[in-house]
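Colleague: Please take a close look at one part of this structure for me, its empty space. Then follow the chain outward from there as you see fit.

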Amino acid sequence: MCTIGYGDITPNSVTTKLFSILFVLVGFGFIDILLSGMVSYMLDLQENYLLRTVQHGGQKKDSTRSYIIDVNKGRMRIRMKVELALGVVVLCIGIGVGAMHFVESLGWLDSFYLSVMSVTTVGYGDRVFRTLPGRLFATIWLFVSTLAVARAFLYLAEARVDKRHRKMTKWVLGHDLTISEFLAADIDNNGFVSKLEFVIYKLKEMRKVSKKDIMQICETFDRLDIGNCGKITLADLVEITLADLVESHH
């Protein structure tokens, strides 16, 4: 179910082959959900520990804090998530090397080779776990290690997307409006762009919000603006609340 497939133990009858098909297709989904949550929980614990350590470090560690934590968003920076996840992968490989060397009696090079081939789910099959203690260790180690690798690749992809978004944001905020952009930003077509219209246009350009989102927000505003005066008043909210109460009683 880790998609390694060493090939040392395989189904050799119709019944076991059919069972293997169902077992892998159905079981893989459940195990993936269960262990992904476990790995996420472990990484979140490490992240929260680092956040608490840095936050309680005082003003003398402001540079370190800004490197680890995105102060504006109140969370760990993506580069630290990548480094943390890769650290977990290296730790898993190291544990595998030690177990294979001392339990399977493999040389250090073969232990390192089998550990990397297993964690990355390559599994050539030329080196496998042959002892009972080694196979018992592998059943737990492989589940955790392969999912840790998957999470590391996920964070790497997230880091690339984040870098692209930051570049786009810097470009959008770094240049003024052209005539075509002015016309696109003038939502109500009154010949000028208000501060609100400018903010909305820039958010759309940075892909922080879509036109569909804006239209849904405007529809909600129009529904709350009972007097059609372009603003929501306390009287409007009281009237809507009373109407909802009356409707619920009926």
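Modeller: Searching the whole structure, which is a predicted model, turns up one cavity of 30 Å³ or more. As background, rolling a probe the size of a water molecule over the atoms shows where empty space is left. On a 1 Å grid over the protein atoms alone, a cavity is a set of points where a 1.4 Å probe fits but cannot get out, whereas a pocket is an open set with protein on both sides within 12 Å along at least five of seven lines; a lining residue has an atom within 4 Å of a point. Points are joined across faces, edges and corners, and the volume is the space filled by probe spheres set on them.

The largest cavity holds about 30 Å³. Y6, Y113, L114, M117, G123, Y124, G125, D126 and R127 form its lining. Sorted by class, that makes five nonpolar, two polar and two charged residues (nonpolar: Ala, Val, Leu, Ile, Met, Phe, Trp, Tyr, Cys and Pro; charged: Asp, Glu, Lys and Arg; polar: the others, Gly among them).

Y6 also leads us to the largest pocket, where Y6 lies nearest the centre together with M1, G5, D8 and I9, out of 20 lining residues. The elements giving two or more residues to this lining are α1 (14-55) and α5, and α5 supplies the largest share, five residues. Helices here are DSSP runs (H or I, at least four residues) and strands are too (E, at least two), numbered from the N terminus. The pocket has a volume of about 820 Å³, and its lining divides into twelve nonpolar, six polar and two charged residues.

Back at the cavity, Y113, L114 and M117 of the lining fall within the range of helix α4, residues 108-119. S115 is found in α4 as well. S115 counts as buried because its relative accessibility is 0% (buried means under 20% relative accessible area, exposed over 50% and partly exposed in between, with a 1.4 Å probe and protein chains only). Beyond its neighbours within four places in sequence, S115 touches C92, I93, G96, V97, M100 and W141, a contact being heavy atoms within 4.5 Å.

The loops on either side of α4 each hold a non-glycine residue with positive phi. S105, in the loop between α3 and α4, has a phi of about 60° and is exposed at 62% relative accessible area. T121, in the loop between α4 and α5, has a phi of about 65° and is partly exposed at 27%.

Helix α3 spans residues 78-102 and includes M80, which is buried at 10% relative accessible area. M80 and Y155 stand 75 residues apart in sequence, while their C-alpha atoms are 9.7 Å apart in space. For "transmembrane region", the unreviewed UniProt entry lists residues 18-43, 84-103 and 136-157; the positions follow the numbering used here, feature names are shortened, and annotations may be inferred rather than shown by experiment. In the model, residues 84-103 are 95% helix and 0% strand, with end C-alpha atoms 28 Å apart. Residues 136-157 are 100% helix and 0% strand, and their end C-alpha atoms lie 33 Å apart.

Further along, helix α7 (residues 195-205) has E197, I200, Y201 and K202 as its buried residues. Their cover includes α5 (132-173), α6 (179-185) and α8 (211-224). R207, just after α7, takes a positive phi of about 60°.

Stepping back, the chain has nine helices and two strands, running α-α-β-β-α-α-α-α-α-α-α from the N terminus. Buried residues make up 27% of its 250 residues. Of the contacts with a separation of 6 or more, 55% join residues 24 or more positions apart. The accessible surface, from the Shrake-Rupley method with a 1.4 Å probe, is about 17,500 Å², and 65% of that belongs to carbon and sulfur atoms.

Two notes on method: residues are numbered from 1 along each chain as its sequence is written, and side-chain values use heavy atoms, with hydrogens and water left out. In this predicted model, local features need pLDDT of at least 70 and side-chain atom pairs count only at pLDDT 80 or more, while totals for chains, interfaces and linings use all residues.
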